[in-house]
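Visitor: I should like a close look at the aromatic residues and at what surrounds them. Please give the geometric criteria as you proceed.

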Amino acid sequence: MIFANLEKLPPDPILGVTAAFRADPSPDKIDLGVGVYRDDHGNTPVPAGVREAERALLAEQRTKTYVGPAGNAEFNERIVELALGPVAREVRDRTATIQTVGGCGALRLGAELIRASRPDAVVHVSDPTWANHEPLLGSSGLALQRYPYYDPATRGVAFDRMRDHLATLPSGSVVLLHACCHNPTGVDLDPDQWRALTDVFAERGLVPFVDLAYQGFSDDLESDVYGLRLLATRVPQLLLAVSCSKNFGLYRERTGALAVVAGNAAAAAAIATHEARTARRMYSMPPDHGAAIAARVLANPELRALWESELQGMVARMKSLRALLADRLATRRPDLDFSWVTRQRGMFSLIGLDSAAIGELRGRHHVYVPPDGRMNVAGVSESNVDRVADSIVAVLG
Ligand code: LMR
């Protein structure tokens, strides 16, 4: 039996929550698990600008022949422009971009490239980080270490400890950064902190690997990438993993990109060949559909304006849900400070519960969060906010 040695694995920390939620027959169940945006009816909509682009694409598409390992060239160019803005032009000649199977594909492909060039490189990830970062990057064979990031006492960034730690790393160390909407804490660096951190990267010769999974979900498309753009102007080399899952609502289309900014054009040209070969050896080519849609949205001024306004609507809704939840929690427990709920950004916050309390949330209250106690604020709604607040307060002790 060729597979006799494979034992059943535990559920994925995030996707397992979705499966458990779906299996729960309770009519009162609430899903604060997987990171998907939800509207007031609990649906995850396809933005109208994205739907319109898809309709036009399907009407015009005459072939589904192969595109190639690097995927849609227009998408690659436009998505890097969206991320880097004017800096994209400055680094264009030394950037190698490949369309990937979502942001996860970009992270993994980036790790494979690093390993191909420097098998002994260490990738430093924040403590804590998204539950799939370490499995994704570590499966390439690279060594991983953690750097201080979150301070549970202040529910903010442990910035001094982070900076001091990174300042001790050897030159050439790779550091994974969340561009915005840090997953799972919702705690981001402010512009002063980005500037101080960029100095450390430049002085120490550290290599940023920036995960941009939520551009536009914190405040807006520009300010969310302040730190990324600053780094791209100050350090000679950078890896950028982009996901279109959340901001374009293209989750299941698996649309993303890896952009590697290299020291010079010749290095970028070489990296492009390695990107293509790595993709070819793992999955050959990325799926086209989502990238073709995103490229169309970005290229068409009307669709783009529509999409941007919808994105603004999503952000406004997440901020108002944060305010609503903070208010309901504070009403129930005026002795506790819940201002962190509104200070934090994007979809996620750590409730700060131990595993017994997380189990109780699920078992007794049918409220589903991953094992790290991360809640997806977009899963809160006007209709369930009181139940969410009651349940959290009940397990807080
Ligand atoms: C999440 O963090 O919940 C999302 O990015 C979905 C995933 O793949 O884990």
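Guide: The account below takes the aromatic pairs, then the ligand site, then the nonpolar cores. This is a predicted model, in which local features need pLDDT of at least 70 and side-chain atom pairs count only at pLDDT 80 or more, while totals for chains, interfaces and linings use all residues. Residues are numbered from 1 along each chain as its sequence is written, and side-chain values use heavy atoms, with hydrogens and water left out.

A pair of aromatic rings is described by the distance of the centres and the angle of the planes. Rings of Phe, Tyr and Trp (its six-membered ring) pair if their centres lie within 6.5 Å; planes under 30 degrees apart count as stacked, over 60 as edge-to-face and the rest as tilted. Six aromatic pairs are present in the structure. In one of them, the ring planes of tyrosine 37 and phenylalanine 217 stand at 80 degrees with centres 6.3 Å apart, so this pair is edge-to-face. It joins distant parts of the chain, 180 residues apart: tyrosine 37 is in the loop between β1 (30-31) and α2 (48-60), and phenylalanine 217 is in the loop between β8 (207-212) and α9 (226-234). Helices (H or I, at least four residues) and strands (E, at least two) are DSSP runs, numbered from the N terminus. Tyrosine 37 has 6% relative accessibility and counts as buried; phenylalanine 217, at 1%, is also buried. Here buried means under 20% relative accessible area, exposed over 50%, and partly exposed in between (1.4 Å probe, protein chains only).

Another pair is made by phenylalanine 248 and tryptophan 307, whose centres are 4.2 Å apart and whose planes meet at 10 degrees, so the pair is stacked. Phenylalanine 248 belongs to the loop between β9 (238-243) and β10 (255-261), and tryptophan 307 to helix α12 (residues 301-332), so parts 59 residues apart in sequence are tied together. Phenylalanine 248 is buried, at 0% relative accessible area, and tryptophan 307 is likewise buried at 0%.

Tyr37 and Phe217 also form one aromatic cluster with Tyr214 and Phe348. Tyr214 in turn is among the residues around the ligand, which also include Val34, Asn183 and Lys246; a residue is near a molecule if one of its heavy atoms lies within 4 Å of it. Three residues place an atom by a ligand oxygen: glycine 35 a backbone N or O atom at 2.6 Å, tryptophan 130 a polar side-chain atom at 2.9 Å, and arginine 374 a polar side-chain atom at 2.8 Å. The protein covers 80% of the 260 Å² of accessible area that the ligand has on its own (Shrake-Rupley method, 1.4 Å probe).

Charged groups also meet aromatic faces. Arginine 155 lies over the face of tryptophan 340, 3.8 Å from the ring centre, and the charged end of lysine 29 sits over the ring of phenylalanine 21, at 4.6 Å from its centre. A charge sits over a ring if NZ of Lys or CZ of Arg is within 6 Å of the ring centre and within 35 degrees of the ring normal.

Phenylalanine 248 reappears in the largest nonpolar core, of 97 residues, as one of those with the most contacts inside it, together with Ile79, Met162, Leu166 and Phe209. Helix α11 (residues 289-299) gives the most to this core, with seven residues. A second, separate core has 26 residues, including Leu321 and Phe338. Such a core is a set of buried Ala, Val, Leu, Ile, Met, Phe, Trp, Tyr and Cys residues joined through side-chain atoms within 4.5 Å.

Technical notes. A polar contact is a pair of N or O atoms within 3.5 Å; within protein, one must be able to donate a hydrogen and the other to accept it, and residues adjacent in sequence count only if both atoms are side-chain atoms.
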